[in-house]
Amino acid sequence: MKKKILYLLPVVMMAFGLASCSSDPIESESVISVTTHEPNQFDLWLEENFRNPYNIDFKYRYEEIESDLNYYTVPATYEESVKMAHLVKYLCVETYNEVAGIEFTRSQFPKMFFLIGEWEYRNNGSFILGTAEGGRKILLSGMSYLNPILAGLTEYNGFRFDFGTNIAENLNHYYIKTIHHEFTHILNQTQDYPTAFRMVTPNSYVSDSQFSEPYSSAYLKRGFISAYAQTNTGEDFAEMMSEYVTHTPEWWEAQMKAAETMWADDPNQTQTGRVLIEQKLDITRDYMRNTWNIDLDELRDCILRRQVDITSGKVDLTDLTVNGNKAN
């Protein structure tokens with residue numbers, strides 16, 4: 001089974017393993033999967049909003065078989081699982097419905113989500129936000145940090161959020177961009193991206209050194225939209241797609257301004273970072289339009305509009321209404 005991994009973020013301060021979730025009570029409905037269980041209101045809501053329309057299995061009860069046994073993992077809480085299900089539906093599933101049609105979503109979107117409470121920490125000072133496996137499953141980690149992010153906290157249990165009190169940026173950075181990134185991998189497994197993309201910066205990928213200096217600070221000048229994009233061409237393509245559609249035009253132009261000079265430490269680089277990134281963006285645009293009939297700018301506008309709905313409180317992330325009947 002082919003496995004794509006996102007997202008090796010550098011750790012500045014981290015709370016280790018089970019200790020980071022020791023203050024979070026586990027609800028009586030249980031987030032630990034058992035052989036049989038009576039469906040609760042959330043299960044009924046997931047049936048109506050994920051399984052019936054899209055045949056997507058949204059797993060929030062902990063199942064060891066769905067976890068990566070190379071990492072210490074803990075269950076996601078019931079409350080944060082409910083909120084994440086709403087975020088996935090509103091900011092991801094329904095955005096593709098809007099720009100590409102529900103049949104595209106039904107046929108291409110992954111058929112399983114699995115949530116865990118903690119990040120998957122690696123021994124190189126980074127951690128994994130999510131993975132995509134075999135074109136069918138996306139694992140999302142770090143659910144224990146969702147409520148603090150939504151509350152606008154700057155840190156939780158010693159873990160400092162990269163964007164301080166900016167809820168939209170933190171949601172994107174730790175969760176939503178991850179989903180779009182992983183979905184890009186799934187699309188690429190169905191229809192590969194063009195060889196031309198691999199030839200824009202063919203000798204500049206640095207594998208596991210992407211978060212080490214000088215690469216961690218020079219990535220824009222080197223022709224990459226993020227430090228993680230320097231890993232390999234597959235991650236580069238997925239980062240181009242996901243960074244573009246989850247950020248404003250103003251944010252993108254600021255990155256391009258920072259990329260307008262060449263990296264002085266590479267005598268073989270003949271184009272500025274901006275030129276290289278824009279070449280990659282053009283190829284990504286063409287791929288999405290010609291292969292999937294998706295306009296990247298239309299997709300971005302849709303996602304950004306829906307982000308505002310979330311951060312303004314327009315969407316109730318706790319509503320479990322089923323068939324018009326609101327849960328008590």
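# Why the labels fit: questions about this model

Me: Why is R106 called partly exposed?
Reply: R106 has a relative accessibility of 33%. Buried would require a value under 20%, and exposed one over 50%. The 33% of R106 lies in between, so partly exposed is the right label. Please keep in mind that this is a predicted model.

Me: Where is R106 found, and which residues is R106 in contact with, leaving aside its neighbours within four places in sequence?
Reply: R106 is found in helix α3, which covers residues 102–108. Beyond its neighbours within four places in sequence, R106 is in contact with P53, Y54 and K111. I56 is 50 residues away from R106 in sequence, while their C-alpha atoms are 8.7 Å apart in space.

Me: What makes the approach of the R106 side chain to P53 a polar contact?
Reply: A polar atom of the R106 side chain lies 2.8 Å from the backbone oxygen of P53. The cut-off for a pair of N or O atoms is 3.5 Å, so a distance of 2.8 Å falls inside the limit.

Me: Let's move to R61. How do you know whether R61 is buried or exposed?
Reply: R61 has 9% relative accessibility. Buried means under 20%, so R61 counts as buried. R61 is found in the loop between β3 (57–59) and α2.

Me: Which side chains does the side chain of R61 make polar contacts with?
Reply: There are two to look at here. A polar contact of 3.0 Å joins the R61 side chain to that of D43, and another, of 3.1 Å, joins the side chains of R61 and Y60. Y60 is adjacent to R61 in sequence, and such a pair counts only if both atoms are side-chain atoms, so the side-chain contact of R61 with Y60 qualifies.

Me: Why does S81 count as buried?
Reply: The relative accessibility of S81 is 0%. That is under the 20% limit, so S81 is buried. You will find S81 in helix α2, residues 78–100. Leaving aside neighbours within four places in sequence, S81 is in contact with F42, F58, Y60, A76 and L115. The side chain of S81 also reaches the backbone oxygen of T77 at 2.7 Å.

Me: Why are α1 and α2 called roughly parallel?
Reply: In general, two packed helices are described by the angle between their axes and the distance between the axes. For helix α1 (residues 41–54) and α2, the axes cross at roughly 20 degrees and come within 12 Å. Angles under 35 degrees count as roughly parallel, so the label fits α1 and α2. The crossing in which α1 passes α2 is left-handed.

Me: Which residues of α1 and α2 meet?
Reply: From α1 they include F42, W45 and F50, and from α2 they include S81, V82 and H86.

Me: What makes α5 oblique to α10?
Reply: Helix α5 (residues 167–190) and helix α10 (residues 273–292) pack at about 60 degrees, and their axes are 12 Å apart. An angle under 35 degrees would be roughly parallel, and one from 65 to 115 roughly perpendicular. About 60 degrees belongs to neither range, nor is it over 145, so α5 is oblique to α10. The contact is made by L187, N188 and T190 of α5 with Y287, M288 and W292 of α10. The crossing of α5 and α10 is left-handed.

Me: How do you know whether K177 and I179 are buried or exposed?
Reply: K177 has a relative accessible area of 2%, and I179 has one of 0%. Both values are under 20%, so K177 and I179 are buried. K177 is in helix α5, and I179 is in helix α5 as well. The K177 side chain makes a polar contact of 2.8 Å with the side chain of E239. I179, leaving aside neighbours within four places in sequence, is in contact with V88, C92, F109, F113, I138 and L140.

Me: And for the protein as a whole, how many helices and strands are there, and what share of the residues is buried?
Reply: The protein has eleven helices and ten strands. Of its 328 residues, 54% are buried.

Notes:
Residues numbered from 1 in each chain as written. Predicted model: local features only at pLDDT ≥ 70, side-chain atom pairs only at ≥ 80, totals over all residues. Heavy atoms only, no water. Helix = DSSP H or I, 4+ residues; strand = E, 2+ residues; numbered from the N terminus. Buried < 20%, exposed > 50% of the residue type's maximum accessible area, 1.4 Å probe, protein only. Contact = heavy atoms within 4.5 Å. Polar contact = N/O pair within 3.5 Å; in protein donor to acceptor, adjacent residues only side chain to side chain. Axes fitted to C-alpha atoms, helices over the stretch in contact; angles between N-to-C directions. Left-handed = near helix turned anticlockwise from the far one by under 90°.
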